[in-house]
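Here are a few short exercises to help you find your way around a new structure. Try each task on your own, then read the solution below it.

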2 protein chains.
Amino acid sequence: MLSRLVTLRKSRKWSMQETADRLEIAKSTYAGYEYGYREPSLQALSDIADLFETSVDHILGRSEQSLELTKSIDEESISLTLDGVSLSNEELIDFIAFTRIKRELSKKETFIKKEA
Amino acid sequence: MLSRLVTLRKSRKWSMQETADRLEIAKSTYAGYEYGYREPSLQALSDIADLFETSVDHILGRSEQSLELTKSIDEESISLTLDGVSLSNEELIDFIAFTRIKRELSKKETFIKKEA
DNA sequence: CAAAAATGTGCGCGAATCGAAAACATATAT
DNA sequence: ATATATGTTTTCGATTCGCGCACATTTTTG
């Protein structure tokens with residue numbers, strides 16, 4: 001269930017002990033999570049996500065969320081940031097237009113090439 | 001901990017019973033989640049997120065995720081889609097450049113205006 | 001309006017499982 | 001080679017999960 005923990009921990013070069021310490025739980029408890037014979041409480045799960053600076057969904061290995069840009073306008077689901085500054089609706093709208101046009105153009109290019 | 005459940009359920013106009021049925025659990029079990037005196041297992045939590053077509057993080061009320069665009073290049077965290085088509089790295093890179101430049105320009109504009 | 005059905009709310013219990021301590025195995029460092 | 005750190009498993013008391021059941025409240029139906 002929590003198979004991604006191993007990767008997350010090792011990419012940080014932390015031992016189980018160190019990870020457990022940071023989470024303020026016993027190493028055997030943490031080990032239980034990694035080995036899969038224990039499940040953390042929701043609070044612990046949340047703490048783990050915070051520690052690894054990732055989402056709970058990612059830790060749970062849930063089918064990676066795909067964020068549809070057109071839907072994220074005016075919705076408070078996920079906020080996008082660039083260089084730490086959150087993306088304004090205007091920037092998002094510009095981007096959508098920008099990319100749609102680029103996609104249209106690349107279609108036409110292909111079409112022309114085929115014709116030639 | 002799971003205070004968002006009420007909203008999610010009611011926005012669908014489901015009774016507790018109906019929700020529990022869809023989740024294939026007892027209504028008293030589901031009620032426990034909503035009232036906050038019970039926590040679902042990770043599997044149940046995941047099922048709930050699926051049922052409500054939302055993320056576990058959202059259900060847990062975790063500080064809304066912000067996705068840093070520069071970090072999402074080459075990372076398998078969340079995939080962005082536009083009009084149902086997933087965003088290529090190239091499109092993302094272009095957008096980052098595009099927006100950075102726009103931001104730079106708007107700074108300068110302000111500067112010029114101040115000078116004038 | 002009254003009866004019936006559905007829904008919400010809470011209790012109690014057996015079963016499941018949590019979290020930690022401890023012991024042991026294995027690896028790393030001195 | 002010995003000590004120290006890390007990984008892994010077992011054990012156990014305490015917690016709490018999930019459900020059935022009962023009752024209150026609301027909604028539906030005739």
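A residue is near a strand if one of its heavy atoms lies within 4 Å of it. Keep in mind that the model is predicted.

**Exercise 1.** Find out which helices supply at least two residues each to the surface near DNA strand D.

*Solution.*
- Start with the residues themselves: 20 residues surround DNA strand D, and the closest are Met16(A), Tyr35(A), Tyr37(A), Thr29(B) and Arg38(B).
- Next, look for helices. Those supplying at least two residues each are α2 (16–23) and α3 (27–35) of chain A, together with α3 (27–35) of chain B.
- Then ask which gives the most: α3(A) does, with 4 residues.
- Finally, sort the surface near DNA strand D by class, which gives 9 nonpolar, 6 polar and 5 charged residues.

**Exercise 2.** Work out which parts of DNA strand D meet the protein, and describe some of the contacts.

*Solution.*
- Take the atoms of DNA strand D within 4 Å of the protein: 51% belong to sugar or phosphate, and the rest to bases.
- For a base, go to Lys27(A), where an N or O atom of the side chain is 3.0 Å from a base oxygen of DNA strand D.
- For phosphate, turn to chain B. A side-chain N or O atom of Thr29(B) is 2.7 Å from a phosphate oxygen of DNA strand D.
- Ala26(B) uses its backbone instead: a polar backbone atom there is 3.0 Å from a phosphate oxygen of DNA strand D.

**Exercise 3.** Determine how chain B is related to chain A.

*Solution.*
- Superpose chain B on chain A: this takes a rotation of 179° with 0.7 Å of shift along its axis, and the RMSD is 0.9 Å.
- That is the relation of a two-fold axis.
- Now compare the interfaces. Because 100% of the interface residues of chain B are also interface residues in chain A, the copies meet through the same surface.

**Exercise 4.** Decide where the buried residues of helix α1 of chain A lie, and what covers them.

*Solution.*
- List the buried residues in α1 (residues 4–11) of chain A: Leu5(A), Leu8(A) and Arg9(A).
- Seen down the axis of α1(A), these buried residues fall within an arc of 95°, so they line one face of the helix.
- Check the other side of α1(A), where Thr7(A), Lys10(A) and Ser11(A) are exposed.
- Look for the cover: it includes α2, α3, α4 (42–51) and α5 (56–59) of chain A.
- To finish, step past the helix: α1(A) is followed by Lys13(A), which has a positive phi, near 60°.

Methods: Residues numbered from 1 in each chain as written. Chains lettered and ligands numbered in written order. Predicted model: local features only at pLDDT ≥ 70, side-chain atom pairs only at ≥ 80, totals over all residues. Heavy atoms only, no water. Polar contact = N/O pair within 3.5 Å; in protein donor to acceptor, adjacent residues only side chain to side chain. Nonpolar A, V, L, I, M, F, W, Y, C, P; charged D, E, K, R; others polar. Least-squares fit on C-alpha atoms with pLDDT ≥ 70 in both. Contact = heavy atoms within 4.5 Å. Buried < 20%, exposed > 50% of the residue type's maximum accessible area, 1.4 Å probe, protein only. Arc of directions from axis to C-beta.
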